[in-house]
Amino acid sequence: MGIESLAANLNIYASDALSERIRGMILSGELPEGYEFPKEEEFCRQLGVSRSTLREAFKVLNASGYIRRIKGHGTVVNKISSILETAPIAETLKAAEIREVLEFREMLETNQAFLAAEKGSDEDIAALGRILKEMEESEKNLPSFSDHDVEFHLLVSKMSGNSLMYAIMKNLENVIDSTVQLAFQIDTEENVRDALAAHREIFEAIEKHQGSTASKKMRNHIQSVSARFFKKCQ
């Protein structure tokens with residue numbers, strides 16, 4: 001089950017670190033919903049920690065909805081749906097499936113593209129153009145191309161002028177980076193070529209302050225990435 005890995009170097013951690021590590025194992029699926037933790041005395045022995053450390057860690061996890069006490073069964077991992085209802089947005093995004101991330105991005109980024117076209121300053125548009133040029137220059141360098149791709153989307157988000165949308169996008173940054181890199185492993189040359197064309201169209205619409213067109217081009221781009229990704233995974 002992997003619970004033994006918690007014991008590694010745990011003597012240098014306090015209850016906060018223990019709760020964080022258990023939380024990470026729950027979100028990754030290593031500790032699935034319904035998993036029953038060992039009895040307190042046995043668990044403490046396995047981890048090499050005191051009962052007070054374990055109890056404090058469990059207290060934090062219980063308060064945040066990750067675990068629950070069941071009479072007659074002890075402490076178990078809560079249902080993932082219940083966890084995600086109370087988890088911070090960053091952790092919810094980490095636990096989301098790629099399909100869910102792409103659907104969420106389509107909903108969020110089409111609106112951001114519209115607002116960026118409506119509100120974007122000349123300075124912002126020039127900066128977006130520079131990122132597009134960097135994408136073109138790094139077409140053969142996939143890691144660099146991917147970085148600039150993410151940078152492009154983040155700047156569009158910032159240009160929307162909506163601080164809440166931008167905060168969510170910043171939380172999505174690592175998830176977007178992962179999905180972008182995965183997508184570019186599929187039909188790489190064609191995918192990179194299509195991505196460049198899509199980003200040029202998005203940029204041109206924003207540059208011309210054509211909100212509806214920018215929104216449409218962003219939607220087409222994300223739907224294309226999604227279709228290509230899932231067609232290859234079938």
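Visitor: Which residues of α6 are the buried ones?
Guide: In α6, the buried residues are Val101, Leu102, Arg105, Leu108, Glu109, Thr110, Gln112, Ala113, Ala116 and Ala117, where buried means under 20% relative accessible area, exposed means over 50%, and partly exposed lies in between (1.4 Å probe, protein chains only). This is a predicted model, in which local features need pLDDT of at least 70 and side-chain atom pairs count only at pLDDT 80 or more, while totals for chains, interfaces and linings use all residues. Residues are numbered from 1 along each chain as its sequence is written, and side-chain values use heavy atoms, with hydrogens and water left out.

Visitor: How many helices and strands are there in the chain?
Guide: The chain has 11 helices and 2 strands, counted as DSSP runs from the N terminus (H or I over at least four residues for a helix, E over at least two for a strand). Along the sequence they follow the pattern α-α-α-β-β-α-α-α-α-α-α-α-α. Of the 234 residues in the chain, 41% are buried.

Visitor: How do you know that the reach of α6 is close to what is expected?
Guide: The 22 residues of α6 reach 30 Å from the first C-alpha to the last, against an expected 32 Å, the expected span being 1.5 Å times one less than the number of residues.

Visitor: Why is α6 called oblique to α9?
Guide: Helix α6 (residues 98-119) and helix α9 (residues 163-183) pack at about 125 degrees, with their axes 11 Å apart. The pair is therefore oblique, a word for angles left over once those under 35 degrees count as roughly parallel, over 145 as roughly antiparallel and 65 to 115 as roughly perpendicular. The crossing of α6 and α9 is also left-handed, meaning that the near helix is turned anticlockwise from the far one by less than a right angle, clockwise being right-handed.

Visitor: What makes the contact of α6 with α9?
Guide: Among the participants are Phe104, Leu108 and Leu115 of α6 and Met169, Leu172 and Val180 of α9, contact meaning heavy atoms within 4.5 Å. The residues of this contact divide into 14 nonpolar, 3 polar and 2 charged, with Ala, Val, Leu, Ile, Met, Phe, Trp, Tyr, Cys and Pro taken as nonpolar, Asp, Glu, Lys and Arg as charged, and the others, Gly among them, as polar.

Visitor: What makes α8 and α10 roughly parallel to each other?
Guide: The axes of helix α8 (residues 142-159) and helix α10 (residues 188-207) cross at roughly 25 degrees and come within 12 Å, and the two helices are therefore roughly parallel. Their crossing is left-handed. Residues meeting there include Phe145, Phe152 and His153 in α8 and Val192, His199 and Phe203 in α10, and the contact divides into 11 nonpolar, 3 polar and 1 charged.

Visitor: Why does Ser146 count as buried or exposed?
Guide: Ser146 lies in helix α8, and its relative accessibility of 1% is why Ser146 counts as buried. Leaving aside residues up to four places away in sequence, Ser146 touches Val180, Gln181 and Phe184.

Visitor: What is the relative accessibility of His221, and how does His221 count?
Guide: His221, in helix α11 (residues 211-233), has 8% relative accessibility and therefore counts as buried. With residues up to four places away in sequence not counted, His221 touches His153, Ala198, His199 and Ile202.

Visitor: Why does Glu20 count as it does at 47% relative accessibility?
Guide: Glu20 lies in helix α1 (residues 15-28), and its 47% relative accessibility is why Glu20 counts as partly exposed. Glu20 and Val60 are 40 residues apart in sequence, with 9.4 Å from C-alpha to C-alpha.

Definitions and conventions. Axes are lines fitted to C-alpha atoms, for helices over the stretch in contact, and angles run from 0 to 180 degrees between N-to-C directions.
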